[in-house]
Amino acid sequence: MRKLLLAAAAMLACALVVPLALSSSHREAPGIALDPSADNTDTYAWTAADAPGALTVAANWIPGEVPANGPNFHSFDDRARYYIHVDNTGDGRPDVSYRFSFKTKVRNKNSFLYALPGANGFDDPKLNVIQRYSVVRERHSYRHGRDRVKEKTLARGLPVAPPNIGPKTFPSYDNFVSAAIRSLRDGTKLFVGQRDDPFFVDLGATFDGINLRKPTGNQGEGKDDLSGYNIHSIVMQLPERLVTRDRKAVSGLEAANAVVGVWSTTERRRLQVSGGRGRHGGWVQVSRLGNPLVNEVVIPLGKKDQFNRTTPDRDAALYGQYVVKPELAAVLNTLFSVGAPEDNRTDIVQAVLQGIPGLNQHSGVKGPPAVDTIKVNLGTPPASSENRLGVIAGDTAGYPNGRRLGDDVVDIDLQVVAGFLKGNKVPLGDGVDRNDKPFLAMFPYLAGPTSGFDSAPSTRVEPGHAP
Ligand SMILES: [Ca+2]
Ligand SMILES: [Ca+2]
Ligand SMILES: [Ca+2]
């Protein structure tokens with residue numbers, strides 16, 4: 001407890017600040033908005049209350065999945081590669097990466113149905129379409145500026161939980177969820193499949209010029225524009241020794257190996273076409289996501305696609321200027337006259353990109369470098385009662401020390417950009433305080449997906465009122 005208090009005090013003394021921005025990372029850049037199956041929406045990294053010796057990560061893709069979108073329901077793309085990266089030294093380069101590749105099989109190509117009614121398991125022939133995945137661990141070492149990668153295939157042919165089509169097709173959808181939870185020999189727990197989008201935000205108000213429905217404060221009446229929509233998620237629970245610098249468990253908050261930085265990316269193959277013949281080239285990164293909202297509202301339109309292609313170790317050089325002088329602060333001042341500091345926001349750089357000293361800053365690195373990773377101190381005990389505003393509300397187990405599913409990053413960002421940590425406390429918020437569905441207390445934590453049968457919004461045609 002004392003350590004926690006010290007950390008909280010250190011944090012406030014350092015005028016800690018949090019990221020800027022407004023809707024996590026759904027359709028955040030022009031290029032990736034045209035390629036939803038490769039589009040990262042959110043990355044979460046935290047210590048789960050029921051798994052204190054492990055790093056828990058949830059990485060989500062495919063924004064705004066309409067549950068009823070059949071017969072070709074949403075899925076991971078067999079032609080892309082999906083990554084979760086961990087940096088345990090603080091330089092913004094990955095030290096351990098987990099790579100996911102997918103393969104879809106159609107059992108009966110003469111049927112248009114994804115599954116026949118009553119399908120109840122991955123081996124049930126009534127399940128006509130099944131997607132499976134392999135996971136490869138990459139360990140990176142850097143010598144003379146070169147990245148040497150050692151690969152190990154951890155598992156192949158693991159099943160992806162299918163899209164939740166409806167109660168007639170899948171009377172016991174949760175059976176698929178249980179069967180999709182896998183434990184690897186090294187103690188890693190895995191789940192891959194469709195879930196409810198855990199992000200909550202009044203998108204309509206936010207991008208209508210931050211048209212907060214009750215701008216004097218966070219007084220409710222917001223609309224969770226992502227409610228009822230699903231995403232595809234990879235959830236991993238990794239024993240600490242698999243991700244730390246010295247390959248040992250973390251002994252406490254001040255341990256030298258305690259902080260890790262997490263982000264996710266997607267890659268596609270280059271395609272070269274000449275003389276009417278296509279040829280596949282190497283893999284290229286097309287999307288990435290560390291802290292929420294950075295590419296949304298910090299990076300200007302002209303740089304958003306470049307941001308998705310570059311790596312965190314180059315963030316300070318390429319994008320530092322947009323964080324130090326965030327456009328959002330000026331926008332908030334114009335709209336609401338909140339008195340947000342508009343220049344020299346090194347407080348934001350520290351909180352989001354460098355880490356808070358004594359809490360989630362990597363130890364033993366010079367600078368420290370400003371890199372867009374979610375930095376989580378694995379020695380921070382989970383909160384007995386989570387506060388949605390995380391560190392700025394004194395809950396040091398929350399954002400930006402990692403990111404939990406329930407952290408209200410929209411409100412945190414609005415308040416921090418307005419100057420919360422410089423004493424300018426404006427109770428800004430979008431009026432949406434939590435997800436539309438409760439999270440689970442156990443793995444895989446994210447709420448179950450809305451089914452196609454229950455898809456909304458939709459208008460029920462009343463009897464006798466057919467058009
Ligand atoms: Ca590194
Ligand atoms: Ca939701
Ligand atoms: Ca909110």
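These are my notes on one sheet and one calcium site in a predicted model.

Entry 1, the sheet. I looked up the strand order first. Five strands make an open sheet, ordered 1-2-9-8-7, with antiparallel pairing. I then checked the edges. Strand 1 (40-46) and strand 7 (182-183) sit there, and each has a single partner strand, so one side of each has no neighbour in the sheet.

Entry 2, strand 7 and strand 8. I went to the edge at strand 7. Strand 7 is joined to strand 8 (residues 189-196) by two bridges, and the two run antiparallel. Across from Ser-183 I found Lys-189 of strand 8. Helix 3 (residues 173-180) packs on the sheet and touches both strand 7 and strand 8. I noted that the direction of helix 3 makes about 150 degrees with that of strand 8.

Entry 3, the calcium ion. I listed the protein donors of the calcium ion (ligand 2): Asp-196 (OD) appears twice, alongside Asp-197 (O), Asn-435 (OD1) and Asp-436 (OD). These donors lie 2.3 to 2.8 Å from the ion. I wrote the spacing of the donor residues in sequence as D-D-x237-N-D. The site therefore links distant parts of the chain: Asp-196 belongs to strand 8 and Asn-435 to the segment after helix 10 (409-417), 239 residues apart.

Entry 4, burial of two donors. Are Asp-196 and Asn-435 buried or exposed? The cut-off for buried is under 20% relative accessible area. Asp-196 has 0% relative accessibility, so I put it down as buried. Asn-435 has 8%, so Asn-435 is entered as buried too.

Technical notes:
Residues numbered from 1 in each chain as written. Chains lettered and ligands numbered in written order. Predicted model: local features only at pLDDT ≥ 70, side-chain atom pairs only at ≥ 80, totals over all residues. Heavy atoms only, no water. Pairing = 2+ DSSP bridges. Helix = DSSP H or I, 4+ residues; strand = E, 2+ residues; numbered from the N terminus. Contact = heavy atoms within 4.5 Å. Axes fitted to C-alpha atoms, helices over the stretch in contact; angles between N-to-C directions. Donors = N, O, S within 2.8 Å, 3.2 Å for Na, K, Ca; no water. Buried < 20%, exposed > 50% of the residue type's maximum accessible area, 1.4 Å probe, protein only.
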